Amino acid sequence: DREWNNLMMLKGKEVFALDDGKEHVWEEDFDGTRLVFEWNNGEAEFELQFVNPLGSCYKTEHSREANSQCIKDEKLTGYSCEEYLIDKSLNGDWQVNVRYLGNKSLTPTYLKTTIYYDYGKMSQKKQVKVFKLGVKGASQQLFRLHSSGKLAAK
């Protein structure tokens, strides 16, 4: 639904030439930055860490131990991605890190991040970053961003 809404908001007139496309859009209640993470290896295991401006950390683990059903579903559907939303309610710099937990193959794992600033608005911009995850157990900072939607660093 989120992808459809975004397409209709940005390109609705082009998709539905006879009307403005607004009747095809569901109400979008999100205002902020959307982060989409995709990875090339279905066996990849990692932990994403989101550190908010107050220093609190939210962690989500993508591993067979933490969520084996999710990994099984990804393999069946062929999709390996997750989205996270950072709204503007907590002003300041956010830091996004990853801790690589390895994979069951010799293929390197690449993590692609698409950052959508002002998501769903006509002013929407995106930035794509690709990271190689190579050392099992290693943590690395991926990037920092400001909750107003501006990239703060790296």
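**Entry 1: the fold**

Helices and strands here are DSSP runs, numbered from the N terminus, with at least four residues for a helix and at least two for a strand. With that in hand, I read the chain from start to end and got the pattern α-β-β-β-α-β-β-β-β-β-β. That comes to two helices and nine strands. A reminder to myself: this is a predicted model.

I then looked up some totals. The chain has 154 residues, and 39% of them are buried. Its accessible surface comes to about 9,100 Å², with 51% belonging to carbon and sulfur atoms. Among contacts with a separation of 6 or more, 66% are between residues 24 or more positions apart.

**Entry 2: aromatic rings**

I searched the whole structure for aromatic pairs and found six. One of them is Phe 37 with Tyr 84, edge-to-face, with 5.9 Å centre to centre and 70° between the planes. This pair links distant parts of the chain, since Phe 37 sits in strand β1 (residues 32-39) and Tyr 84 in strand β4 (residues 81-87), 47 residues apart. Both Phe 37 and Tyr 84 are buried.

Next I looked at Trp 39 and Phe 46, another edge-to-face pair, at 4.9 Å centre to centre and 75° between the planes. Are these two buried or exposed? Trp 39 counts as buried because its relative accessibility is 6%, and Phe 46 is buried at 1%.

Back to Phe 37: together with Phe 50, Tyr 58 and Tyr 84, it forms one aromatic cluster.

**Entry 3: salt bridges**

Side chains of opposite charge can pair when their charged atoms come close. How many salt bridges does the count give? I got eight.

I began with Arg 34 and Glu 83, whose closest N and O atoms are 2.5 Å apart. Arg 34 lies in strand β1 and Glu 83 in strand β4, so this salt bridge ties together parts that are 49 residues apart in sequence. Arg 34 is buried, at 5% relative accessible area, whereas Glu 83 is partly exposed, at 33%.

Then I turned to Glu 43 and Lys 104, which meet in a salt bridge of 3.7 Å, N to O. Where do the partners sit? Glu 43 is in the loop between β1 and β2 (45-51), and Lys 104 is in the loop between β5 (93-102) and β6, 61 residues apart. Lys 104 is exposed, with a relative accessible area of 54%. I also noted that Glu 43, Lys 75 and Lys 104 are linked in a network of salt bridges.

**Entry 4: Asp 118**

This residue caught my eye in the backbone angles: Asp 118 has a positive phi of about 50°, although it is not a glycine. I found Asp 118 in the loop between β6 (109-117) and β7 (125-133). Its side chain forms a salt bridge with Lys 88, with the closest N and O atoms 3.6 Å apart. Lys 88 is in the loop between β4 and β5, and the two partners are 30 residues apart. Asp 118 counts as partly exposed because its relative accessibility is 22%, and buried would need under 20%. Lys 88 is partly exposed as well, at 34%.

**Entry 5: a surface patch**

Last, I looked for nonpolar surface. Tyr 110, Val 128 and Val 130 make a nonpolar patch of about 260 Å². Val 128 lies in strand β7 and counts as partly exposed, at 43% relative accessibility.

Methods. Residues are numbered from 1 along each chain as its sequence is written. This is a predicted model: local features need pLDDT of at least 70, side-chain atom pairs count only at pLDDT 80 or more; totals for chains, interfaces and linings use all residues. Side-chain values use heavy atoms; hydrogens and water are left out. Buried means under 20% relative accessible area, exposed over 50%, partly exposed in between (1.4 Å probe, protein chains only). Contact means heavy atoms within 4.5 Å. Accessible areas come from the Shrake-Rupley method with a 1.4 Å probe; for residues, only the protein chains shown count as cover. Rings of Phe, Tyr and Trp (its six-membered ring) pair if their centres lie within 6.5 Å; planes under 30 degrees apart count as stacked, over 60 as edge-to-face and the rest as tilted. Patches are made of residues with over 30% relative accessible area and no salt bridge: like charges are joined within 9 Å, nonpolar side chains (Val, Leu, Ile, Met, Phe, Trp, Tyr) within 5 Å. A salt bridge is a side-chain nitrogen of Lys or Arg within 4 Å of a carboxyl oxygen of Asp or Glu.
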